[in-house]
Amino acid sequence: MGSVEDAVARFRAASVANDIDGMVATLSSDAELVSPLSGRMVFRGAEDLRVLLAAIYGRLSRLQWHAELGDGELRVVVGQARIGALRLDDAMVLRLAADGRIRSITPHLRPWLAVTLLALRVAPAVVRHPVIVRRALRRP
């Protein structure tokens, strides 16, 4: 996989390009994403994350990452995108596995109106996969 910076840089580039396969390739086998909407839902594993990432990034436009902070196993990437006519800001926390792949993704989104619109647009794509939703609601 290469260095930690490679995984984060590749994830950033793939997300801007809406390259779902490229994003999934940067994830560890036990990767998880903590839902910024519920906090209780945790999507786990490459295939579940593939569905979720496609639902999210397929609805965003003009995504740009402006900054990356952190070292060791912890990175924060700060970016901005559009959902419809609204600006959506993200400060995404990435925790990395020992091999440099991304183990955990925790998005921190704002403002509220844009997050609500994102939820309304992403939900129909995700609920088409009820097994993924049930797994996300299950405690490990």
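A residue counts as buried when its relative accessible area is under 20%, and as exposed when that area is over 50%, with partly exposed in between. By this cut-off Arg75 is buried, because its relative accessibility is 4%. The model described here is predicted.

## Overall architecture

The chain contains 5 helices and 7 strands. Read from the N terminus, these elements follow the order α-α-β-β-α-β-β-β-β-β-α-α. The radius of gyration is 14 Å, close to the 14 Å that the globule rule gives for 140 residues, so the chain is as compact as a globular protein of that length. The C-alpha trace spans about 35 × 35 × 25 Å along its principal axes.

Of the 140 residues, 41% count as buried. Among contacts in the chain with a separation of 6 or more, 48% come from residues 24 or more positions apart. The exposed area of the chain is about 7,200 Å², and carbon and sulfur atoms supply 56% of that area. The chain carries 20 positive and 14 negative charges, and the mean positions of the two sets are 10 Å apart.

## Arg75 and Arg62

Arg75 sits in strand β4, which covers residues 74-83. The side chain of this buried arginine makes a polar contact of 3.5 Å with the side chain of Glu68.

Arg62 belongs to strand β3, residues 61-71. Arg62 counts as exposed because its relative accessibility, 64%, is over the 50% cut-off. Its phi is near 50°, a positive value in a residue other than glycine.

## The loop between β1 and β2

Ser35 is located in the loop that links β1 (27-34) to β2 (42-44). Ser35 is buried, because a relative accessible area of 10% falls under the 20% cut-off. Its side chain is placed against backbone nitrogens further along the chain: a polar atom of the Ser35 side chain lies 3.1 Å from the backbone nitrogen of Leu37, and the side chain also reaches the backbone nitrogen of Ser38 at 3.2 Å. Leaving out residues up to four places away in sequence, Ser35 touches Met41 and Phe43.

Two further residues of this part of the chain can be related to distant positions. Leu37 is 79 residues from Thr116 in sequence, yet their C-alpha atoms are 8.7 Å apart. Pro36 and Arg110 are 74 residues apart in sequence, with a C-alpha to C-alpha distance of 9.9 Å.

## From β7 into α4

Arg110 lies in strand β7. Arg110 is partly exposed, with a relative accessible area of 49%. Apart from neighbours within four places in sequence, Arg110 is in contact with Arg87, Leu88, Asp89 and Val115.

The peptide bond from Arg110 to Pro111 is cis, with omega near -5°. Most peptide bonds are trans. Pro111 itself is in the loop between β7 (109-110) and α4. Helix α4 spans residues 112-127 and includes Thr116, a residue that counts as partly exposed at 26% relative accessibility.

## Asn18 and Gly58

Asn18 is in the loop between α1 (4-16) and α2 (20-25). Although Asn18 is not a glycine, its phi is positive, at about 55°. Most residues other than glycine have a negative phi. Asn18 is partly exposed, with a relative accessible area of 37%.

Gly58 lies in another loop, between α3 (46-57) and β3. With residues up to four places away in sequence set aside, Gly58 touches Asn18 and Leu53, so a contact links these two loops. Gly58 counts as partly exposed at 44% relative accessibility. Its C-alpha atom is separated by 15 Å from that of Phe11, which is 47 residues away along the chain.

## Accessibility of the residues discussed

| Residue | Relative accessible area | Class |
|---|---|---|
| Arg75 | 4% | buried |
| Ser35 | 10% | buried |
| Thr116 | 26% | partly exposed |
| Asn18 | 37% | partly exposed |
| Gly58 | 44% | partly exposed |
| Arg110 | 49% | partly exposed |
| Arg62 | 64% | exposed |

Definitions and conventions. Residues are numbered from 1 along each chain as its sequence is written. This is a predicted model: local features need pLDDT of at least 70, side-chain atom pairs count only at pLDDT 80 or more; totals for chains, interfaces and linings use all residues. Side-chain values use heavy atoms; hydrogens and water are left out. Helices (H or I, at least four residues) and strands (E, at least two) are DSSP runs, numbered from the N terminus. The radius of gyration is taken over C-alpha atoms; the globule rule is 2.2 Å times the number of residues to the power 0.38. Buried means under 20% relative accessible area, exposed over 50%, partly exposed in between (1.4 Å probe, protein chains only). Contact means heavy atoms within 4.5 Å. Accessible areas come from the Shrake-Rupley method with a 1.4 Å probe; for residues, only the protein chains shown count as cover. Lys and Arg count as positive and Asp and Glu as negative; His and the chain ends are not counted. The place of a charge is taken as NZ of Lys, CZ of Arg, CG of Asp or CD of Glu. A polar contact is a pair of N or O atoms within 3.5 Å; within protein, one must be able to donate a hydrogen and the other to accept it, and residues adjacent in sequence count only if both atoms are side-chain atoms.
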